[in-house]
Amino acid sequence: MGFRKAASILAISTTLALALSGCTSDKPAPSASPAPSASSAPTSNTAEDSSDPRLEKLGLDSNFKFKETHKITVEIYDRGNDGGTKPEDNFYTQYIKDGMLRDHNVEVTFVPVPRWTEGEVINNLLAGNQAPDISLTYSYPTIQTYANMGGVLDLGPIVEENKDILPDMWDYLTEANIYWDKDPSTGTLWALETRLNVLNRINTFVREDWLKKLNLQAPTTLQEFESMLVAFKDNASTLLGKDADKMIPFSTSFDIGWRADHLTSSFVPNNLTDKDIYIQGFDDRHFLFPNYKEGIKTLNKWYNEGLVWKDFSLYPAGDTTEDNLMKMGYVGAFIHNWDYPYRNGDDSIHASLQRLVGPDAAYIAVEPFANDAGVYKKFLSGPVDRKIFFPATNKEPIASLLYVNWISKLENRVFLQFGEEGVTHEKLPDGSFKTIATTGEKIMNSPANIDYTITSNGLNLGDPDKTVKSIANGYAGVDSKYIEIANQITTHDGRVGKNANVGEIKAEDGQGQALKEKRDTLLNKAVVASVDKFDAIYDAGMKDYLGSGGQAIIDERAAAWEKYFGKDTMLK
Amino acid sequence: MEITNKSKSLSYIKRYWILYLMMLLPLAFFIIFRYIPMGYIQIAFKNYSIVKSPWEMGWAANHGFEYFIKAFSNRDFLYALRNTILLNFLDLLLGFPAPIILAILLNELAFKRFKKFTQTVVYMPHFLSWVIISGLALQLFAPTNGLVNIMINKMGFASIPFLNEPAYWVVTYIFLGIWQSCGWNTIIYLAAIAGINPELYEASAVDGASRLRKIWHITLPGIRPTIIVLLILSLGHILGSDFERPYALRNTLVTEVSDVISIFVYNNGIRGLQFSLTTAVGLFQSVVGVIFLFGANALAKKSGERGIW
């Protein structure tokens, strides 16, 4: 009796332990063979073969529709916007799902990833073998790191062999974007660079009504800009009345590199070579460009003269405090995304200003910062945006590529960017689109649904003229004058980034975040330093930055440049 | 002799088998979620790869200690180590006695209702997450827009940089920590005080002892074992670090004091993908924690206390 009981306890406990440990122990071991399905993608030997048996092999009919339903998961950014719909389940995702099922017999499931921490979250998903079949990120180094561990599919052979079933993707992204990241020595391709249709980056904005009130012209030099800030400060009671103590002549955020870029770029020598840009340019804030420090020094001077918002460094990314100060009308000038005050319809800074301050109150883009050659140079990025990659866990590379193709198709992306006629847009007589701000189930959670049109950032209607007109129409409730000026200035005298493709830079592996943190820390500390301590703090921070991996990256980049371009200093 | 012992324990199991059976569940929990994952400690000694199980990963250089050497030659890690010790030590110094004092104060309150009310009020902050507290801190302590500083300015003084200067930030950090957890931590002390024999208080009242005397000679000695146990446990955490609290409260101007080990691990591991390095750091942290725990326990035992085991 006793033995039987003991035995049964033992039996129960072992089954329990086995069952539970079974669950855990098979989890960490992912596919033992990383990416066989990719490199040995089904293919017939020569391209001249009739495509039928190949399609047959892929399980597709002649319309590129799968005979059996395939399932894929797709990453989607979640912005948590006010009044927004569920990013993974709404009117637009339904449009995509229906379309993919209809055209390719592919069932799509969306995986929401928070927009502002996308890098961290996709890391976690990758590490846990949970990354969506179609993943995207702005950080190529993340992809490279996982690729080195065997965690990413090599897209090179797949996109090449299946060119014929992906016409829209090839047509829209073009060879340049598709092969942008192709490793020059190994030929591997870990990611597709999606298209940045509008190279607009940032602008310098000032309060137009304040300029008028103080009888000032829009500043065209650094000196004029500075005097304007001083004038704002000195005339706080004229401009703000009883709120005079709230006056902020110039506001910025902890992300100084972005939020002072036009100012700092004007200190960079005009004759910078492509080589310099490549070697010093791995920090996307241009922070390593020659003479950058002088720009920060100017900001430091302004800060110490009380011209800069005192609390700027305290608020984290995504915090709305600064926006609210702009909306309340306390901020005189700032540098930010090229259309920052005008975006977001009714909730825009522009609309709020007009409601809270008055119909004259508005921000207007200005161009005060010229460089040593008198050129208002702006460093623009290349025509690339997010990077699409397939993790090694993707068992449906063809279905996934068909998705990328589908979302690149003109008809589909135009619908996603503009929505339904009469609800989110109207057609103007000239053929251009005008967006209408909407709420409820057809609200767009991101401007022009950028989060769904994963291969496009910015409008592209297939017709440049219509596109430009539609961009200007895209800001409901904002006088198109403001948009036109902003659109013109933001790329004026711009220098578009080129693709110096030299393959992987090993020193960058895993360094991105740590160096970014160091850059922000150094810039913030330097701006708030007292004038006499500025040099010491900046130089110490720079030394730390370079010593913690920055210099190694510069050296490796310089060597890679020499290897591929020799003595040339400019790219073709 | 042995046989009787054996049969004794067998009959014991026979009689209470249900209890033993129930023990299996927590045991299974600890084995599965606490012991099996320890196998992954080896990542600290190996070159991490996402597609291999830890058993298949190759050994790191320097007999597997490459990542420990890397960590200790990393300036940021050494800063993080210093900050962790500094902040935890200050927390211990100021934060540890606070709930004891508060518990004694609460215990001395005569009106039952008022005591209950006060207790509830001081518990409350415990339920706020650090993200919310940091939001409150910004609203209150920001140099120009913070309520406290606006008041200070109106009184004619200059703003106090509660959040944007390292030394002040440390004070704010410790203060907010005490504010958040002090009330909650009184619970265990109040329970211990409730367990003190009331006859002792009555006898001392007969002897004419004052309130302070009673606290000093009866209450404090009465809760001494509890204090010691909690002290040992908190010493085990001297290198452990919260993530949420420093991460939510930090900003770029105070990184030299705010970046503790957990933030180092987050930035270099989760965001920087250097998993082997950060596992090594985590392992180091745990080993030091265990050493402190044993050390404190041995000391307590030496000075005549019971310790924790």
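**Nonpolar cores**

In this predicted model, the largest nonpolar core has 98 residues, of which Leu229(A), Leu299(A), Val308(A), Ala526(A), Val527(A) and Val281(B) touch the most other members. Helix H22 of chain A, spanning residues 512-528, supplies the largest share of this core, with 7 residues. A second core, separate from that one, comprises 55 residues, including Ile96(A), Ile158(A), Tyr172(A) and Ala392(A).

Val281(B), one of the residues of the largest core that touch the most other members, is in contact with Ala71(B), Phe77(B), Ile261(B), Phe264(B) and Val265(B), once its neighbours within four places in sequence are left aside. In soluble globular proteins, nonpolar side chains tend to be buried together.

**Chain B as a whole**

Chain B contains 15 helices and 0 strands, and its C-alpha atoms fill a box of roughly 80 × 75 × 35 Å along the principal axes. Its radius of gyration is 25 Å, whereas a compact globule of 309 residues would have a value near 19 Å.

Of the 309 residues in chain B, 29% count as buried. Among the contacts in chain B with a separation of 6 or more, 63% are accounted for by residues 24 or more positions apart.

**The side of chain B that touches chain A**

Between the two chains, 34 residues of chain B are in contact with 44 residues of chain A. On the chain B side, the elements giving two or more residues are helix H1 (2-15), helix H2 (17-35) and helix H14 (261-270), with H2(B) giving the most, at 7 residues. By residue class, this side of chain B divides into 19 nonpolar, 12 polar and 3 charged residues.

Key
Residues numbered from 1 in each chain as written. Chains lettered and ligands numbered in written order. Predicted model: local features only at pLDDT ≥ 70, side-chain atom pairs only at ≥ 80, totals over all residues. Contact = placed C-beta atoms within 7 Å. Helix = DSSP H or I, 4+ residues; strand = E, 2+ residues; numbered from the N terminus. Nonpolar A, V, L, I, M, F, W, Y, C, P; charged D, E, K, R; others polar. Rg over C-alpha atoms; globule rule 2.2 N^0.38 Å. Buried ≥ 20, exposed ≤ 12 C-beta atoms within 10 Å, placed from the backbone. Core = buried A, V, L, I, M, F, W, Y, C linked by C-beta atoms within 7 Å.
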